[in-house]
Amino acid sequence: MNDTQITLTGLVGGDVTLRELSGDRCVASFRVACTPSHFRDGAWVRGTPSWHTVKAWNRLARNVADSLHTGEPVIVHGRLVADVWDREGKPQTSFEVVATSVGHDLTQGTTVLTRPA
């Protein structure tokens, strides 16, 4: 496939929402704030954050909902997907990341993996 793959590092920007769907399927949604920083004149300067919506499905969704909390550092890898719709005759587009992998950013701290039973 010719999907656009993307990796984000940032902070969880709010609660993770988990929706149960039919047929034992579920989807988790959350936002990630990515704030660039660079070293200028002897000090670190923070840029403007960019916000990204992330969706995870099924087993990954359940693990994300059980593991991530607001403000925690994360790394997200997945496909960048465009959602196009029409609003009052004008096309609108939003982008979201459909995650294939999500984890805590271990450059910011430690974590413990617990495997589900």
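**Close-ups around strand β3**

**View 1. Strands β3 and β6, side by side.** Strand β6 (residues 50-57) lines up antiparallel with β3, and 8 bridges link the two. This is a predicted model, so read every contact below as a computed one. To find your way along the pair, start at Cys34, which sits across from Ser50 of β6.

**View 2. Strand β3 and its surroundings.** Is β3 buried or exposed for the most part? The strand covers residues 26-34, and 8 of its 9 residues are buried, so the rest of the structure largely encloses it. Buried here means under 20% relative accessible area. In a regular strand, side chains point alternately to one face of the sheet and the other.

**View 3. Strand β1 against β3.** Strand β1 (residues 5-12) also pairs with β3 in the antiparallel sense, through 2 bridges. Look for Leu11, with Ala33 of β3 standing opposite.

**View 4. The β2-β3 hairpin.** Strand β2 (residues 17-20) runs antiparallel to β3 and is joined to it by 4 bridges. One handy landmark is Arg19, whose bridge partner in β3 is Val27. Between the two strands of this hairpin there are 5 residues. Check the backbone at Gly23 in the turn: its phi is positive, at about 70 degrees.

**View 5. The largest nonpolar core.** This core has 17 residues, and the ones touching the most other members are Phe30, Val32, Val54, Val64, Leu68 and Val76. Which elements give two or more residues to it? They are β1, β3, β6, α1 (58-67), β7 (73-87) and β8 (90-104). β3 supplies the largest share, with 5 residues.

**View 6. Zooming in on Val64.** Set aside the neighbours within four places in sequence, and what is Val64 in contact with? The partners are Val16, Ala28, Phe30, Ala56 and Val102. Phe30 and Val64 also turn up together among the core residues that touch the most other members.

**View 7. An aromatic pair, Phe39 and Trp44.** The count of aromatic pairs comes to 1. Phe39 and Trp44 make up that pair, meeting edge-to-face with 5.3 Å from centre to centre and 65 degrees between the planes. Are these rings on buried or exposed residues? Phe39 has 52% relative accessibility, so it counts as exposed. Trp44 counts as exposed too, because its relative accessibility is 62%. The cut-off for that label is over 50%.

Notes:
Residues numbered from 1 in each chain as written. Predicted model: local features only at pLDDT ≥ 70, side-chain atom pairs only at ≥ 80, totals over all residues. Heavy atoms only, no water. Buried < 20%, exposed > 50% of the residue type's maximum accessible area, 1.4 Å probe, protein only. Pairing = 2+ DSSP bridges. Core = buried A, V, L, I, M, F, W, Y, C linked by side-chain atoms within 4.5 Å. Contact = heavy atoms within 4.5 Å. Phe/Tyr/Trp six-rings, centres within 6.5 Å; stacked < 30°, edge-to-face > 60°.
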